[in-house]
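Good morning, colleagues. Please look at the sequence and the structure on the screen before I begin.

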Amino acid sequence: MKKYLSDALKVALSALLGGAILYWMYRGFDFGAVKHVMLYEMDWKWMFLSFPFGILAQAFRGWRWKQSLEPLGEKPRTSVALNSIFLSYAVSLVIPRIGEFARCGVLNRYDRVSFPKALGTVVTERAIDSLIVLAITAIVMLSQMTVFDTFFDRTGTNFGEILRGFSWEGYMVTAICGIAVICLLHLLLRKLAFYDKVKMTVKGLFEGVMSLRNVKNVPLFIVFSLGIWVSYFLHYYLTFFCFEATSHLGLMCALVTFIVGSIAVIVPTPNGAGPWHFAVKTMLILYGVADNDALNFVLIVHTVQTLLVVALGIYAWLRLSFIPVKEEKL
């Protein structure tokens, strides 16, 4: 009973944090104008064109995961691996970060894949993804330093003046996000500490982490890893052309806002709701987008892309119900 209450509290706090940030951002906002934008001003063609890349990003993750499990003697079916990924993103909308455990549970149930080994490969995947994001971040920020320098020169401002210009609400949002990240790290360390108590689980985790040494087709693994992030970026970038205010901003602006948004979703809220909106909207304003246009962009894009995640999750749940469960390993 205590565990259920604890889990319910985590979900409630996560939703409350995201909701509070969104409320602060959209207080006094005319939501009727959003309807007008969606019906008469948006070019939905680009939004629909972005959908295949959102699906492909998750598919690449499923194919890569299947490949990283093979050196461990685990051979999940492709359909199970892909649908476990689709489902994991959807359930993470309810409980942030639970998707990593959920997809391991799906493979364990349907294909009898060792849960600890699967979790170990997930840890490895996240480390690789983090390195890719850090590399892209370094390249993008270095190439865009002139943009920030120009902005500060033209406005005659400096970092001290910018900090003094922040409202107390802005400082509060930043502080809350920081505290939430620290809490998330604490919870992850507690989970790892729990696994350290179980010898076989630790062994499985270690084997999963080390599995990449024996991946048969390393170039294909690299293609999958890069394909994930290229697809994620195109899924986001194509939405720029849906709106007049962002259609002219260019590739580098899209990369900067994409990276900032990717980092912001570390804060444990459902699908990054709140922190993602705040981070991307702030950067768009830096590139000259009007406040209302930036608010419209982040609200519509995040909502539509979240609905795609929900649709894929429902599809995966239905598809898995028709996939037979493998017999127990001897």
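**An all-helix pattern and one helix pair**

Of the 330 residues of this chain, 45% count as buried. I should state at once that the model is a predicted one. The chain contains 14 helices and 0 strands. Read along the sequence, its pattern is therefore written α-α-α-α-α-α-α-α-α-α-α-α-α-α. As for contacts between residues at least 6 apart in sequence, 77% join residues that are at least 24 apart.

Let me turn to one pair of helices. Two packed helices are described by the angle between their axes and the distance between the axes. The pair I have chosen is helix α3, residues 44–69, and helix α14, residues 291–320. How do these two helices pack? Their angle is about 45°, and their axes are 11 Å apart. Because angles from 35 to 65 degrees fall outside the parallel and perpendicular classes, α3 is oblique to α14. The crossing of α3 and α14 is right-handed.

Which residues form this contact? On the side of α3, they are Trp44, Met47, Phe51, Gly54, Ile55 and Gln58. These meet Ile300, Val301, Val304, Leu308, Val309 and Leu312 in α14. By class, the contact of α3 with α14 has 10 nonpolar residues, 2 polar residues and no charged residues.

I now come to a single residue, Ser68, whose place is also in helix α3. Is Ser68 buried or exposed? Its relative accessibility is 2%, and the cut-off for buried is under 20%, so Ser68 counts as buried. What lies 2.9 Å from a polar atom of the Ser68 side chain? The answer is the backbone oxygen of Trp65.

Ser68 also offers an example of two residues separated along the chain. Ser68 and Glu125 are 57 residues apart in that sense, while their C-alpha atoms are separated by 8.8 Å.

To summarise, I have described a predicted model with 14 helices and 0 strands, the right-handed crossing of α3 and α14, and the buried residue Ser68. Thank you for your attention.

Terms used:
Residues are numbered from 1 along each chain as its sequence is written. This is a predicted model: local features need pLDDT of at least 70, side-chain atom pairs count only at pLDDT 80 or more; totals for chains, interfaces and linings use all residues. Side-chain values use heavy atoms; hydrogens and water are left out. Axes are lines fitted to C-alpha atoms, for helices over the stretch in contact, and angles run from 0 to 180 degrees between N-to-C directions. Helices (H or I, at least four residues) and strands (E, at least two) are DSSP runs, numbered from the N terminus. Angles under 35 degrees count as roughly parallel, over 145 as roughly antiparallel, 65 to 115 as roughly perpendicular and the rest as oblique. A crossing is left-handed if the near helix is turned anticlockwise from the far one by less than a right angle, and right-handed if clockwise. Contact means heavy atoms within 4.5 Å. Ala, Val, Leu, Ile, Met, Phe, Trp, Tyr, Cys and Pro count as nonpolar, Asp, Glu, Lys and Arg as charged, and the others, Gly among them, as polar. Buried means under 20% relative accessible area, exposed over 50%, partly exposed in between (1.4 Å probe, protein chains only). A polar contact is a pair of N or O atoms within 3.5 Å; within protein, one must be able to donate a hydrogen and the other to accept it, and residues adjacent in sequence count only if both atoms are side-chain atoms.
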